[in-house]
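Hi,

Here is the structure I promised to pass on. Have a look at it first, and my notes follow below.

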Amino acid sequence: MLTGYGYGHDSVSPPRISKAVIPAAGLGTRFLPATKATPKEMLPVVDKPAIQYVVEEAASAGLDDVLMITGRNKRPLEDHFDRNYELESALLKKGDEARLAKVQESSDLATMHYVRQGDPKGLGHAVLCAAPHVGNEPFAVLLGDDLIDPRDPLLARMVEVQERHGGSVIALMEVAPEQIHLYGCAAVDTTDEGDVVKVTGLVEKPDAADAPSNYAIIGRYVLDPHVFDILRKTEPGRGGEIQLTDALQQLAVDEKVGGPVHGVVFKGRRYDTGDRGDYLRAIVRLACEREDLGPDFQAWLRSYVSEEM
């Protein structure tokens with residue numbers, strides 16, 4: 001049990017959040033055979049692996065202590081965020097400073113830590129694996145399938161809301177009713193802030209007829225550490241897995257456990273790389289916006305679409 005924790009929603013302010021947890025132990029079966037030997041998180045989005053965008057987001061929000069939850073065959077993740085002295089030396093000898101800077105960028109983003117999940121028991125279990133590292137501090141969880149455009153600083157806003165209200169904060173997005181069964185769903189009350197809601201209940205992937213709203217949970221969380229106590233007692237839920245949503249439901253209905261649960265309603269740019277079609281669309285969108293690639297790529301894309309039509 002967590003004891004001696006120095007704040008609650010009705011006491012002193014919480015400490016500054018500095019730790020981020022990134023679950024990355026999934027098998028990536030939707031991208032087979034590409035992910036047979038390559039972690040899905042290392043699939044490139046233009047010219048950077050998807051996981052680097054996520055670590056960059058955490059670092060930009062001031063979370064420079066990153067714990068990655070990994071599994072078997074995930075060693076390339078560690079290698080990517082480590083130094084590669086042979087490659088750096090070769091680029092230095094060639095005088096290729098531009099590529100050298102790109103190679104070194106990933107190893108300088110944050111202080112990286114790794115722990116293996118072992119048994120794939122679901123997102124809730126993956127988050128629980130972070131307990132020894134996180135300790136008694138609030139922390140962020142970032143899922144690698146959701147890439148948030150850096151021009152729309154969602155995580156920084158969530159950290160701000162958590163530091164003001166305590167408890168936990170989840171990212172929400174309005175979706176069409178026929179899509180809500182693909183997400184965790186939140187029942188909410190409005191607040192004085194237009195983009196902030198009070199979460200009163202949560203359900204994992206409900207049928208459209210049973211959904212309390214069309215507010216879907218997307219892959220960003222800022223969590224009170226009391227969630228670990230709840231996860232230790234949480235039984236497997238939907239899909240036979242320990243669901244983080246089930247633990248957050250308990251926090252939402254009993255604020256005495258770990259403070260309230262708020263939601264930040266996100267209306268910015270989000271790129272879903274967890275689905276093959278959305279992954280391709282994300283690459284196209286990001287490539288079109290690149291100064292070095294966009295003009296030529298957009299011209300080719302217009303020509304290709306025109307010819308196909």
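**What I found**

Trp-300, Tyr-304 and Val-305 make a nonpolar surface patch of about 310 Å². Patches here are made of residues with over 30% relative accessible area and no salt bridge, like charges being joined within 9 Å and nonpolar side chains (Val, Leu, Ile, Met, Phe, Trp, Tyr) within 5 Å. A salt bridge means a side-chain nitrogen of Lys or Arg within 4 Å of a carboxyl oxygen of Asp or Glu, and the areas are Shrake-Rupley values with a 1.4 Å probe, where for residues only the protein chains shown count as cover.

Before you go further: this is a predicted model, in which local features need pLDDT of at least 70 and side-chain atom pairs count only at pLDDT 80 or more, while totals for chains, interfaces and linings use all residues. Residues are numbered from 1 along each chain as its sequence is written, and side-chain values use heavy atoms, with hydrogens and water left out.

Back to the patch: Val-305 sits in helix 12 (residues 294–308). Helices (H or I, at least four residues) and strands (E, at least two) are DSSP runs, numbered from the N terminus. Val-305 counts as partly exposed because its relative accessibility is 42%; the classes are buried under 20%, exposed over 50% and partly exposed in between (1.4 Å probe, protein chains only).

Now the backbone oddities. Most residues other than glycine have a negative phi, and most peptide bonds are trans. Against that, the bond from Leu-32 to Pro-33 is cis, with omega near 5 degrees, and Pro-33 is in the loop between strand 1 (19–23) and strand 2 (44–45). Val-46 is not a glycine, yet has a positive phi of about 65 degrees; you'll find Val-46 in the loop between strand 2 and strand 3 (48–49), partly exposed at 24% relative accessible area. Lys-205 also isn't a glycine and has a positive phi of about 50 degrees. Its loop runs between strand 10 (196–204) and strand 11 (215–223), and Lys-205 is partly exposed at 33%.

Strand 10 has two antiparallel pairings to show you (strands pair if DSSP finds at least two bridges between them). With strand 9 (residues 184–190) there are seven bridges, and the two form a hairpin with five residues between them; Val-188 has Val-199 of strand 10 as its bridge partner. With strand 12 (residues 261–265) there are three bridges, and Val-196 is partnered by Val-264.

What about the interior? Helix 1 (residues 50–60) is largely enclosed by the rest of the structure, because nine of its eleven residues are buried. Among them are Gln-52, Glu-56 and Glu-57. Gly-62, with a positive phi near 90 degrees, follows helix 1.

The largest nonpolar core (buried Ala, Val, Leu, Ile, Met, Phe, Trp, Tyr and Cys residues joined through side-chain atoms within 4.5 Å) has 49 residues, and those touching the most other members include Ile-22, Val-55 and Val-222. Helix 1 gives the most to this core, with six residues. A second, separate core has 35 residues, including Ile-69 and Phe-228.

One last buried residue: Glu-88, in helix 3 (residues 85–94), has a relative accessible area of 6%. Leaving aside neighbours within four places in sequence, Glu-88 is in contact (heavy atoms within 4.5 Å) with Arg-83, Leu-100, Val-103 and Gln-104.

Cheers
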